[in-house]
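Me: I'd like to go through a few of the labels on this one and see what backs them up. Here's the structure.

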Amino acid sequence: MSDHAYWLLSFSRNTELFTQLTPDRLQKSLGPESPPSREHLVVPNPTASEDESTDAENHLAGVSYSQTAEALRVRIRMRHPLEDRIGFAAFLFGYRADRPFQEMPKLRAIWRLGHLQVFAGDRLLSTKGFEIQRVRGVVNLTIPWSAAGNPTLLFVQVQGLAGGTPTSQTGWQVITLNP
């Protein structure tokens, strides 16, 4: 989680000082799932070695988001077929105006070796309600709204993992939900 704190601090400082971030607003669902957001590109992790970055650029291609009535769906597009050593970590903060930052759910979902683990801080959570679907070059992660604290706004980042090491990442995304 120490790695995570660095990126949150970086996100906060960059946003406060230099950026007027425009949140992605998820579209209203006309069926069981809303249309996906624009795809967010993946860049090499600045702390990864050159070999790790090259690996990362070759497996994680882009990330988009959609919503259902019960959950957020994170769509991770892969460049190549999945290998055992390749995985991802998704970080999600569920914001609500009636909840202070320190009480906001801070989830970390890690998928590697075909296994999903979900943490709230350092506490391992049950994966009940979370789901992984693999379909032709795409991995879909479903995160129940209840686990994220039924938020109105999300802060999300996805990192590509090679052997457990973060090798690529999206920037932090701010996503507004559409009830």
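Me: What makes you say that arginine 108 has no salt bridge?

Reply: Keep in mind that this is a predicted model. The nearest side chain of opposite charge, aspartate 122, is 4.2 Å away, and a salt bridge needs a side-chain nitrogen within 4 Å of a carboxyl oxygen, so arginine 108 goes without one even though it's buried.

Me: Where is arginine 108 found, and which backbone oxygen lies 3.2 Å from a polar atom of its side chain?

Reply: Arginine 108 is in strand β7. The backbone oxygen belongs to glycine 121; 3.2 Å is within the 3.5 Å cut-off, so the distance fits a polar contact.

Me: Why is the pairing of aspartate 98 and arginine 96 called a salt bridge?

Reply: Their side chains meet at 2.7 Å, N to O, and the limit is 4 Å, so the pair qualifies. A search of the whole structure finds one salt bridge.

Me: Why is aspartate 98 called exposed, and why does arginine 96 count as partly exposed?

Reply: Aspartate 98 has a relative accessible area of 57%, and exposed means over 50%, so the label holds. Arginine 96 comes in at 23%, between the 20% and 50% cut-offs, so it's partly exposed.

Me: Which residues touch the most other members of the largest nonpolar core?

Reply: Tyr65 and Val74, out of 29 residues. Elements giving two or more residues to this core include β4 (60–67), β5 (71–78) and β7 (106–112). Another core, of 11 residues, lies apart from it, with Phe93 and Leu161 among them.

Key: Residues are numbered from 1 along each chain as its sequence is written. This is a predicted model: local features need pLDDT of at least 70, side-chain atom pairs count only at pLDDT 80 or more; totals for chains, interfaces and linings use all residues. Side-chain values use heavy atoms; hydrogens and water are left out. A nonpolar core is a set of buried Ala, Val, Leu, Ile, Met, Phe, Trp, Tyr and Cys residues joined through side-chain atoms within 4.5 Å. Buried means under 20% relative accessible area, exposed over 50%, partly exposed in between (1.4 Å probe, protein chains only). Helices (H or I, at least four residues) and strands (E, at least two) are DSSP runs, numbered from the N terminus. Lys and Arg count as positive and Asp and Glu as negative; His and the chain ends are not counted. A polar contact is a pair of N or O atoms within 3.5 Å; within protein, one must be able to donate a hydrogen and the other to accept it, and residues adjacent in sequence count only if both atoms are side-chain atoms.
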